[in-house]
2 protein chains.
Amino acid sequence: MSIRPIGVIHSPFQSREDIKKQRQTHEVEDFLGELEIFKEFEPGLKDIDGFSHLIIIFQFHKSKQRNLFAHPPHDGKKRGVFSTRSPDRPNAIGMTIVRFLKRKGNTLKASGIDMLEGTPILDIKPYTQRDIKKKASFGWLSQTKK
Amino acid sequence: MSIRPIGVIHSPFQSREDIKKQRQTHEVEDFLGELEIFKEFEPGLKDIDGFSHLIIIFQFHKSKQRNLFAHPPHDGKKRGVFSTRSPDRPNAIGMTIVRFLKRKGNTLKASGIDMLEGTPILDIKPYTQRDIKKKASFGWLSQTKK
């Protein structure tokens with residue numbers, strides 16, 4: 001299948017190490033950044049106002065490893081990659097739900113940005129009622145610090 | 001970027017029309033289906049037990065249109081595609097959170113399957129605490145039947 005970026009993420013993070021460091025003292029929910037949507041796709045942003053949260057599908061563009069296992073931080077164990085959000089997975093596709101703060105033309109200000117500077121955006125979708133699963137349980141993640 | 005399917009979805013739906021019809025009388029949450037993960041990726045399913053919900057990233061393989069606008073059902077208005085979950089979008093990537101019921105080898109039984117039979121699976125991620133946004137608001141979707 002053919003895929004091309006619709007935009008690019010601007011964040012203060014140049015490396016995974018930067019993100020890890022920041023998470024030691026701040027909540028991911030407070031990480032600020034911008035989603036720059038390329039001009040040709042800007043018309044598709046119509047009606048996006050009023051959604052408090054957006055689902056961002058993006059490329060893990062710095063990931064060079066296609067692994068079936070991951071060693072999540074704060075865990076120390078080898079986990080099946082599909083039970084983790086590790087960037088080093090068979091398809092280098094990431095998904096983060098961000099809080100949408102403000103639109104200015106083709107740029108969306110948001111918080112909850114845990115992506116690296118320059119991350120290619122593949123899609124934006126509205127977060128809907130159906131995405132809220134209040135009675136969810138979280139397998140091995142329940143046993144560790146999140 | 002290079003992307004290849006890690007598996008395939010089995011559902012009772014052969015067409016979008018089938019899904020629309022079923023939604024008139026049933027809740028999407030009750031739609032049953034199976035996620036067949038190709039054998040070579042099966043080791044990545046380790047530790048997936050215990051997660052009640054999984055994020056499925058997939059290809060809208062029947063979509064032939066790359067549109068910037070959509071006409072959602074029950075709405076009648078032309079909406080910016082990034083404020084909708086329409087399959088006809090710049091990158092034909094879909095995302096649905098399903099309820100994970102049971103694993104049998106390389107096959108995951110799930111409910112909440114609103115994808116077509118034969119849909120290529122691109123990724124599976126665990127649904128985590130951070131994906132629950134209790135105080136979300138839903139823009140134009142708030143004004144219509146969901």
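**A two-chain predicted model: strand β8, the core and the contact**

Q: How many residues of strand β8 of chain A are buried?
A: In β8(A), residues 120-126, 6 of the 7 residues are buried, so the strand is mostly covered. A residue is buried if 20 or more other C-beta atoms lie within 10 Å of its own, exposed if 12 or fewer, and partly exposed in between, with C-beta atoms placed from the backbone. Strands (E, at least two residues) and helices (H or I, at least four) are DSSP runs, numbered from the N terminus.

Q: What kind of model is this, and how is it numbered?
A: The model is predicted: local features need pLDDT of at least 70, side-chain atom pairs count only at pLDDT 80 or more, and totals for chains, interfaces and linings use all residues. Residues are numbered from 1 along each chain as its sequence is written, while chains are lettered from A and ligands numbered from 1 in the order in which they are written.

Q: Which sense does the pairing of β3(A) with β8(A) have?
A: Strand β3(A), residues 53-59, pairs with β8(A) in the antiparallel sense over 5 bridges; two strands pair if DSSP finds at least two bridges between them. Within this pairing, Phe58(A) stands opposite Ile121(A). Strand β1(A), residues 7-10, is also antiparallel to β8(A), over 2 bridges, and Val8(A) has Pro120(A) as its bridge partner.

Q: What does Ile121(A) touch?
A: Not counting residues up to four places away in sequence, Ile121(A) touches Pro5(A), Ile6(A), Gly7(A), Val8(A), Ile9(A), Leu35(A), Ile56(A) and Phe58(A). Two residues are in contact if their C-beta atoms, placed from the backbone, lie within 7 Å.

Q: Which residues have the most contacts inside the largest nonpolar core?
A: They are Leu54, Ile56 and Ile121 of chain A and Leu54(B), Ile56(B) and Ile121(B), in a core of 68 residues. A nonpolar core is a set of buried Ala, Val, Leu, Ile, Met, Phe, Trp, Tyr and Cys residues joined through C-beta atoms within 7 Å.

Q: What about chain A as a whole: which pattern does it follow?
A: Chain A has 1 helix and 8 strands, in the order β-α-β-β-β-β-β-β-β along the sequence. Of its 146 residues, 42% count as buried. Among contacts in chain A with a separation of 6 or more, 73% join residues 24 or more positions apart.

Q: Changing topic, how many residues does each chain give to the contact?
A: Chain B gives 54 residues and chain A gives 54 residues. On the side of chain B that touches chain A, β8(B) gives the most, with 5 residues. That side divides into 28 nonpolar, 13 polar and 13 charged residues. Here Ala, Val, Leu, Ile, Met, Phe, Trp, Tyr, Cys and Pro count as nonpolar, Asp, Glu, Lys and Arg as charged, and the others, Gly among them, as polar.

Q: Why do the copies meet through the same surface?
A: They do so because 100% of the interface residues of chain B are also interface residues in chain A.

Q: What rotation superposes chain B on chain A?
A: A rotation of 180° with 0.0 Å of shift along its axis does so, with RMSD 0.0 Å. That is the relation of a two-fold axis. The superposition is by least squares on the C-alpha atoms of residues with pLDDT of at least 70 in both copies. Ile132(B) comes closest to the rotation axis of the residues of chain B, at 2.6 Å (C-alpha).
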